[in-house]
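This report introduces one protein model to a reader who has not met it before. Please keep the sequence and the structure in view while reading.

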Amino acid sequence: MMLNILIADDKSNLVELIFKQIIRKKNKFRLADYTDNGREALDSILKYHPDVIILNLEKSEINSKIITNYLSVIKDEYFPYIIIISNISEYTNKMKNEKIYFINIDQEVTKILNKINIYLEQIYKEINNELIHKEIKNELKKFKLNVSNKGTDYLVDSILLSYNKENLNLTKDIYPVLSKKYDVTPMNIKWNMEKNIKSMKRYTSKDVIEKYFHVDSRSNLTIKTVIRTITENIEKNCL
């Protein structure tokens with residue numbers, strides 16, 4: 001996955017620095033466009049629909065605040081992640097959104113770049129997890145599963161954890177994380193996933209089970225096998 005980034009900066013040389021020191025060094029970031037005024041920035045945003053917009057527009061008639069407010073109006077259609085570089089006090093009290101990040105411009109450039117890099121990495125992870133989550137759901141649609149079942153939620157989260165980090169142990173790594181997230185015991189997590197998998201075997205054809213998981217449908221289908229196989233298939237799909 002590539003993170004498409006648009007930079008709009010009307011009062012510094014940040015565009016070049018961000019490109020050279022961050023974007024060009026990482027093959028997961030791509031510069032979609034850059035501009036030095038708000039009107040062109042808005043045109044490019046609507047044209048390219050970048051994943052992330054970095055805004056440092058204060059001199060322009062259409063400044064960072066106007067662009068962010070406009071995107072808030074059309075948020076049901078499209079709302080990217082936004083990194084605003086400015087005097088933070090101008091924005092934080094009025095713009096509260098989990099997809100908007102603020103960086104105080106009144107600090108060393110190296111600190112600004114470091115924060116931009118941290119935010120981009122965080123955004124990349126969030127977007128990637130959203131995509132993987134959809135892939136997991138698509139894979140599970142191949143089986144007769146109750147999507148509102150707790151066991152399905154636990155299974156989805158387990159696969160996501162396994163995708164993001166290899167060689168996780170169910171007992172030591174996955175169950176404790178899910179136990180904390182859902183405020184239930186590790187045994188409850190395990191029991192619900194096992195129940196979910198038994199239901200999957202019961203209502204999904206034997207041919208589908210055998211072909212997908214490479215097991216005899218009469219044998220026990222374990223949580224570990226389900227997580228590993230679905231994770232491997234998603235990795236192939238995302239290549």
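## His49 and Asp183: two loop residues

His49 sits in the loop that joins helix 2 (38-48) to strand 3 (52-56). In this predicted model, the phi angle of His49 is near 45 degrees, which is a positive value in a residue other than glycine. The relative accessible area of His49 is 41%, so the residue counts as partly exposed, given that the partly exposed class lies between the limits of 20% and 50%.

Asp183 also has a positive phi in a residue other than glycine, with a value near 55 degrees. Asp183 belongs to the loop between helix 6 and helix 7. Its relative accessibility is 69%, and Asp183 is therefore classed as exposed.

## Overall architecture

The protein contains nine helices and five strands. Followed along the sequence, these elements give the pattern β-α-β-α-β-α-β-β-α-α-α-α-α-α.

The C-alpha trace of the protein extends about 70 × 35 × 35 Å along its principal axes. The radius of gyration of the protein is 22 Å, whereas a compact globule of 239 residues would have a value near 18 Å. Of the 239 residues in the protein, 42% are buried. Among contacts with a separation of 6 or more, 62% join residues that are 24 or more positions apart.

## Helix 5 and helix 6

Helix 5 (residues 150-164) packs against helix 6 (residues 170-182) at an angle of about 130 degrees, and their axes are 10 Å apart. Helix 5 and helix 6 are therefore oblique to each other. The crossing of helix 5 past helix 6 is right-handed.

On the side of helix 5, the contact is formed by Asp153, Tyr154, Asp157, Ser158 and Leu161, and on the side of helix 6 by Ile174, Val177, Leu178, Lys181 and Tyr182. Sorted by class, the contact of helix 5 with helix 6 comprises six nonpolar, one polar and three charged residues.

## Helix 5 and helix 9

Helix 5 also packs against helix 9 (residues 223-237): the two axes come within 9 Å and cross at roughly 60 degrees. This angle makes helix 5 and helix 9 oblique to each other. The crossing of helix 5 past helix 9 is right-handed.

Helix 5 contributes Leu155, Ser158, Ile159, Ser162 and Tyr163 to this contact, and helix 9 contributes Val226, Ile227, Ile230, Thr231, Ile234 and Glu235. The contact of helix 5 with helix 9 is made up of seven nonpolar, three polar and one charged residues.

## Helix 6 and helix 7

Which residues of helix 6 and helix 7 meet? The axes of these two helices come within 8 Å and cross at roughly 105 degrees. Helix 6 is thus roughly perpendicular to helix 7, as angles from 65 to 115 degrees fall in that class.

Tyr175, Leu178 and Ser179 of helix 6 meet Pro186, Ile189, Lys190 and Met193 of helix 7. By class, five nonpolar, one polar and one charged residues take part in the contact of helix 6 with helix 7.

## Asn196: buried or exposed?

Asn196 is located in helix 7 (residues 186-203). With a relative accessibility of 3%, Asn196 counts as buried, because the limit for this class is under 20%.

When neighbours within four places in sequence are left aside, Asn196 is in contact with Leu145, Asn149, Gly151, Thr152 and Leu155. Leu155 is also one of the helix 5 residues that meet helix 9.

## Met1 and Arg218

Met1 lies in the segment that precedes strand 1 (3-9). Its relative accessibility is 34%, so Met1 counts as partly exposed. Apart from residues up to four places away in sequence, Met1 touches Lys28, Tyr124, Ile127, Asn128 and Leu131. Between Met1 and Ile18, which are 17 residues apart in sequence, the C-alpha to C-alpha distance is 20 Å.

Arg218 occurs in the loop between helix 8 (206-213) and helix 9. The relative accessible area of Arg218 is 72%, which means that the residue is exposed. The C-alpha atoms of Arg218 and Ile189 are separated by 24 Å, and the two residues are 29 residues apart along the chain.

Definitions and conventions
Residues numbered from 1 in each chain as written. Predicted model: local features only at pLDDT ≥ 70, side-chain atom pairs only at ≥ 80, totals over all residues. Heavy atoms only, no water. Axes fitted to C-alpha atoms, helices over the stretch in contact; angles between N-to-C directions. Helix = DSSP H or I, 4+ residues; strand = E, 2+ residues; numbered from the N terminus. Parallel < 35°, antiparallel > 145°, perpendicular 65-115°, else oblique. Left-handed = near helix turned anticlockwise from the far one by under 90°. Contact = heavy atoms within 4.5 Å. Nonpolar A, V, L, I, M, F, W, Y, C, P; charged D, E, K, R; others polar. Rg over C-alpha atoms; globule rule 2.2 N^0.38 Å. Buried < 20%, exposed > 50% of the residue type's maximum accessible area, 1.4 Å probe, protein only.
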